[in-house]
Amino acid sequence: MADVAEVVSRSHSLNETLKNVVELVAKRLDADACSLYLSDARTRELTLEATIGLYPDSVKQVSLPHGEGLVGLAATTGQPVVTVHAREHPNYKYFPETGEERFDSFMAVPMIVRGATIGILAVQTILPRKFDSSEIEIFRTCAQLIAPVVINARLLALVGVSDEETSLAIANREASEARPPDREERNVEHRGIPTSRGIAIGTIYRLETPLDLERLQYTPNADPEREVEELMGAIGEARRVLDGMREKLGSKFGLDLAAVFQTHIQILEDKGFVAKLRKEALTTGNALTALTNVIDTYRKTFQRMSDPYFRERVTDIEDVGQRVMESLLGERHHTTPLSAGAIVVASNLLPGMFARLEVEKIAAIVSEHGGPTSHGAIFARTLEVPAVTGIPGIQSAVRSGEMAIVDGGEGRIILAPDEGVLYEYRRARQRYTVAIEHLDALRSRPAETRDGRGIRLTANVGLVSDLRLVDQHGADGIGLFRTEMLAFAHRGFPSEEEQAELYETVAKAMAPRTVTIRTLDLGGDKEIPNVGMRMEDNPQLGCRSIRLSLANQGIFKAQLRAIYRASAAGNIRLMLPMITSVDELRSAKALIAEAIQSLDRAGIPYDENVPVGVMIEVPSAAITAETLARECDFFSIGTNDLTQYTLAVDRGNEHVAHIYDPLHPAVLALMGTSVRAASRAGIPISVCGEVSSHPLAVPLLVGLGIEELSSTPSAVPLVKEIIRELDFGDLEADVRAAQDVGTAAEVHRIAAARLRDAGILEHPDIGPWLRTLVDKVLPGG
Ligand code: PEP
Ligand code: MG
C-alpha cells in the first residue's frame, strides 16, 4: 500500500502513472523488464501502454486481441501465465519491435476491476528464472492493488472538456437549482434508511453541493491570470488539507480509514484535471465558475459509465470539488459557520464531511443518497452520530436554520416540529442518553438471568477505531469482526501484511477476551474494487461471501494466513460467512490447512487451536446444521441474511421492508434447529445479526438457548439490563408459544408481554424507553 501511495503522489497523468507502475513492479520483483497492457473494453484489444526493458518506441505500437500471445492468454483465462522459457510456450507470439528476443522467462497477471480484466502486467527476465508460488502471489496482489489506481488515472484521462459541454453544464446547473419552498405545515415527516441510531433535535445546516453557487457572492479579479493563480493556490491548499487529514484521521481512527483520501489526492495530482481548470479559468475569467464547470464535466462523464463502480466515483470528484471550493472561498467569502447542534443535510454522506466540519458540532446527518454501508455511514456509527440516508429531495425540502428532529434508529426526519412533538422527542432523547450513560457505568455487572443463566454479550465491529466502543459499553469481546469494512475504508482489500498487523492490533487490544474474525463477506450490497467481483443481475443470490472467497483463492488464502499470523495471542476465532453446505466448509478448511502449511514452511508462529466456525445465515445451513456441527467448532446465526433468505425479502429493498422480520416464526424455527444441532454436537452457538440489539428479541433468543449475543456496541448495556430482569424458565415457555403461532406480530406480542410481566417497564433507566416500544406492540395492554 505504501508503494501504491508513492506511485500516486509521483504521478500526474495516466502516462506517468503507468510509467511509475512498471518501474515499481520491475524493482520490487527484481525483473529486467516490466510492461503494462491496457484492454479496450469495446474491441477487446490489449495495447502496450508502458514498459521498462522493452524498446520504448514499441509503446502504443503493439496490440493483440484477448486470447493471443501470452499476454492475451492471461486476459482470457483471468489467471497468471508463468513460463521459464517463453519461446517454448505454445501461445508465444513474437513482436520484433519490442526487442523481446533478449528475454527468456516470462510472467503475466491480469489486472481485474469488478470482474473485468482492465489490463495485464507482465515481467520478463534475461536469465532463466522459475517464479515460485509466493512470487506469483505477490505479483497477483500487486496487480490487484494497482488496478484501481490505473483505472482511476484512465478515468481522469477520459474526460475531455469541450465548449459545448461547458455551456451544457451551466444550463443544467441553472435549471436544477430550485429554492426550497416556504413552510406552513408543521411536523413534516420524511422517511429514509435508518443508518446510525440516536435522536437529535437541532437546526438544519444545509451543506451546499459543490455546484450551488446561488448562495455565494464570489467577485472575481479583473485579470483572468489572477483567477488562475487563485485557483492553483486553492488546489495547493486543498492538497495540504488532505495530507493533514490523512495524518489526523490516521492517528484518530487508525490508518485503515485514512486510506480513503488516497483517491482524492490522486485527482488533485492529475495533470489533465489541473490543465482543464487552468484553461477554464482563463476562458471564463472566474475561478469559481471554472471549478464548477470542470467538476460538472467530470461528473457527467463518470455518470455516463455503465458500471456502477465507476459511477460511484462521482462522489470522489464532488468531494474534491467541494474541498477546492472551500479553499478558494475560505479567505474572502465565508459560508455560514456550523453552530453547535447542527443537523447537516447533504447530498451524500461523505467521509470527508466528518473531518471538514467540526464533528463536535454535528448533532445528526441526513442525506439524499448513500446507504448504510457507505464510508460515511461507517464514520457516523463509529462516532455515534445519528444518521438517516436515502431521502430523495431532502436537500431542496429543508431550509438552513429551521428546526428539525432526526430519529436515526427509526430513519426519519421531522421538519418544523410543533411543541407537542418536540416535547415527545426531547423526552425520548433524554431517556436514551440517560439510560445509556447509567448502564455504561454498570458495565462490570454480569449478564445473567435472575435464575442464574449467564449469557456472553459481545460486540459487532469492523474497524480498529470501534474498539474503544467495545470497552466503553462493556462488551465481553468481539462476536463479529466484519473484515469487509477494512476493504471499504481502503477502497480495495488490504495486503496480507496490513491485515496481519490490523488483526493483531485487534486481538491484543481485546485479550484475553475472544475476537471472532469473519472472513471477507462481500457481494450482495457490498462491493469493493480489487477482489474480482462481477456485475450480477441478482447479487444477493450470486457470487457473494464465501463463494467469492473460494473463487478468489489468492485473496482468501492471504486473509487466512493473516488471521493465523495474528492468532499467537490465543484469543482469535475464525468464522466463515454464508456457508450453504458442508462442501463449502470442507473447501474452506482445505485452504485453511494450506495457509497453515505455508506458515509452517516459513517458520511463522500461530495458534494451532484457532476455532473455525460457520455462520448460519442461509436456510440450508440451518436445516443441515447437524452435519455442519460435526465438522466445525462453533455456530453464529446471522439473522440479517437468514431473514432475507427465509422470507425471500431483499434486506436492502424498502418496498418489501414491511415483510422483513427476524422474529417471523419461520426464522425462529430455523434458529431452534441450529441451537439443537449445536447442543447435540457440544459446540457453542451465538447470534450476531442486528436482532441481537433488539429489546423484543432478547427474551426469545435467550429462551431458544443462545449462549452469546453479539450486537452493536452501544446496545450491549441495554441487552444486559433486559437479561438481568428475566427468568430463563419463563423464556423457554415463551419460545414454545412463539413456535406455535403463525405470524411475526404474534411473536412480538409474546415478547412484549414478557418484558411487561417481568417488570422491566418499571426499570428506572430503560423502563420508560422500553414502554414506548411495548406500547406499539400491545396497545392498551
Ligand atoms: C447477518 O447476516 O446477520 C450478519 C451478521 O452478517 P452481515 O449483516 O454482515 O451480512
Ligand atoms: Mg450476513
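In the predicted model, an oxygen atom of ligand 1 lies 3.3 Å from a backbone N or O atom of G638. Coverage of the ligand by the protein amounts to 99% of the 290 Å² of accessible area that ligand 1 has on its own. Two arginine side chains also take part in the surroundings of the ligand. An N or O atom in the side chain of R482 is found 2.8 Å from an oxygen atom of ligand 1, and for the side chain of R518 the distance from such an atom to an oxygen atom of the ligand is 2.8 Å.

The shell around ligand 1 comprises 14 residues, of which R482, R518, G638, N640 and R651 are the closest. By residue class, this shell divides into 7 charged, 4 polar and 3 nonpolar residues. With respect to secondary structure, at least two shell residues are supplied by each of strand 16 (478-482) and helix 25 (639-647). Helix 25 accounts for the largest share of the shell, with 3 residues. The site of ligand 1 is the second largest cavity of the protein.

Aromatic contacts were examined next. The count of aromatic pairs in the model comes to 3. In the pair formed by F273 and Y298, the ring centres are 5.4 Å apart and the planes stand at 80 degrees; because an angle over 60 degrees counts as edge-to-face, the pair is assigned to that class. The two residues belong to separate helices, F273 to helix 9 (residues 271-284) and Y298 to helix 10 (residues 287-304), and the pair therefore ties together parts that are 25 residues apart in sequence.

Two features of the backbone were also noted. Most residues other than glycine have a negative phi, and most peptide bonds are trans. The peptide bond from A511 to P512, by contrast, is cis, with omega near 5 degrees. P512 is located in the loop between helix 19 (496-510) and strand 17 (515-518). A positive phi of about 50 degrees is found at D30, although this residue is not a glycine. D30 likewise occupies a loop, in this case the one between helix 2 (14-29) and strand 1 (33-39).

Technical notes: Residues numbered from 1 in each chain as written. Chains lettered and ligands numbered in written order. Predicted model: local features only at pLDDT ≥ 70, side-chain atom pairs only at ≥ 80, totals over all residues. Heavy atoms only, no water. Near = heavy atom within 4 Å. Polar contact = N/O pair within 3.5 Å; in protein donor to acceptor, adjacent residues only side chain to side chain. Areas by Shrake-Rupley, 256 points an atom, 1.4 Å probe, with all protein chains shown as cover. 1 Å grid on protein atoms, 1.4 Å probe; cavity = no way out; pocket = protein on both sides within 12 Å on 5 of 7 lines; lining within 4 Å. Sits in = over half its atoms within 2 Å of the grid points. Helix = DSSP H or I, 4+ residues; strand = E, 2+ residues; numbered from the N terminus. Nonpolar A, V, L, I, M, F, W, Y, C, P; charged D, E, K, R; others polar. Phe/Tyr/Trp six-rings, centres within 6.5 Å; stacked < 30°, edge-to-face > 60°.
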